[in-house]
Amino acid sequence: MAADIRVDTVVAAVRAAPRPAAGHRGSTPLALDDAAVRQVIDGMVEAGALVRSGHRVRLPNHRPGLDPVMRERADRLLDGLREAGAEPPRVEALAARLGITPAVLAQLRRSGELVAIGSGVDYPRDLWESIEARVDRVAERGPLTVARLRDGLRTSRRHAEAILAFRRAERRRLKPGRRAG
């Protein structure tokens, strides 16, 4: 699902690529150093086989996505989390039951489909946005405490604490005068 990849990651992957058994066609070790691999990448960019954006490259027409079977599993995961509302189960356990690997789970988070707000607390993007709006309404009526948020969202203390911690971290990260990223 990754839309692009860092050039240094490509170079490292080329260096770490497994070698076929001795005597096998193609078993000759790659005799390119890192600079030569970067020149190959630059040549692929010039030829249009790759598109460069700063330190990252991608295939020209790449659109991140999952294969149909994994997409169906991911949709079932997201639907299950939506049904649970503000108090979803731990996503790792649910994903494992559906046959979703940790790598795919990480991709769902990187793509923004799944928002990880705390340890074991993840929400589908649309549900998270509605929860944020509800949290804002609770905050308009007074100080935002764990107890008020728990009662306002009808959720557990664990989820309310995670939501508050995530919001505070986001506010600190986005505060004017701080570098984002």
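Let's start with the parts list: this protein has eight helices and five strands. Keep in mind that what you're looking at is a predicted model. If you walk along the sequence, the elements come in the pattern β-α-α-β-β-α-α-α-β-β-α-α-α. There are 181 residues in the protein, and 28% of them count as buried. Chain neighbours aren't the whole story, either: among contacts with a separation of 6 or more, 51% link residues 24 or more positions apart.

Now for the strands. Three of them make an open sheet, ordered β1-β3-β2, with antiparallel pairing. Strands β1 (5–6) and β2 (51–53) sit at the edges and have a single partner strand each, so one side of each has no neighbour in the sheet. Look at β2 and β3 (residues 56–58), which run antiparallel and are joined by three bridges. Within that pairing, serine 53 has arginine 56 in β3 as its bridge partner. What holds paired strands together in general? Strands of a sheet pair through backbone hydrogen bonds.

Strands β4 and β5 pair as well, in the antiparallel sense and over four bridges. Together they form a hairpin with two residues between them, and glycine 120 in the turn has a positive phi of about 75 degrees. Opposite valine 121 in β5 you'll find glycine 118.

That hairpin also brings us to the protein's interior. The largest nonpolar core has 17 residues, and Ile117, Tyr123, Trp128, Ile131, Leu149, Leu153 and Ile163 have the most contacts inside it. Two or more residues each come from β4 (114–118), β5 (121–124), α6 (125–140), α7 (146–153) and α8 (157–174). Helix α8 gives the most, with five residues. A second, separate core has 15 residues, including Leu78, Leu81, Val91 and Leu98.

Tyrosine 123 is a nice residue to zoom in on. Skip its neighbours within four places in sequence, and its contacts still include Pro88, Glu113, Ile117, Trp128, His159 and Ile163. For another link across the sequence, try glutamate 170, which lies in helix α8. Its C-alpha atom is 10.0 Å from that of isoleucine 117, although the two are 53 residues apart along the chain. Is glutamate 170 buried or exposed? It's in between: at 25% relative accessibility, glutamate 170 counts as partly exposed.

Let's move to the outside. The protein exposes about 11,500 Å², with carbon and sulfur atoms supplying 53% of that. Leu32, Val40 and Met44 form a nonpolar patch on the surface, with about 240 Å² of accessible area together. Leucine 32 belongs to the loop between α1 (7–16) and α2 (34–47), and its relative accessible area of 42% makes it partly exposed.

Finally, the charges. Side chains of opposite charge can pair when their charged atoms come close. This protein has 12 salt bridges. One of them joins arginine 52 and aspartate 42, at 2.4 Å from N to O. Arginine 52 is in strand β2 and aspartate 42 in helix α2, so this pair ties together parts 10 residues apart in sequence. Other pairs stay within one helix. Arginine 76 and glutamate 72 meet at 3.5 Å; they are four residues apart in helix α3 (residues 68–84), about one helical turn. Glutamate 161 and arginine 157 form a salt bridge at 3.1 Å, and both lie in helix α8, again four residues apart. Arg71, Asp75 and Glu113 are linked in a network of salt bridges.

Methods: Residues are numbered from 1 along each chain as its sequence is written. This is a predicted model: local features need pLDDT of at least 70, side-chain atom pairs count only at pLDDT 80 or more; totals for chains, interfaces and linings use all residues. Side-chain values use heavy atoms; hydrogens and water are left out. Two strands pair if DSSP finds at least two bridges between them. A nonpolar core is a set of buried Ala, Val, Leu, Ile, Met, Phe, Trp, Tyr and Cys residues joined through side-chain atoms within 4.5 Å. Buried means under 20% relative accessible area, exposed over 50%, partly exposed in between (1.4 Å probe, protein chains only). Contact means heavy atoms within 4.5 Å. Patches are made of residues with over 30% relative accessible area and no salt bridge: like charges are joined within 9 Å, nonpolar side chains (Val, Leu, Ile, Met, Phe, Trp, Tyr) within 5 Å. Accessible areas come from the Shrake-Rupley method with a 1.4 Å probe; for residues, only the protein chains shown count as cover. A salt bridge is a side-chain nitrogen of Lys or Arg within 4 Å of a carboxyl oxygen of Asp or Glu.
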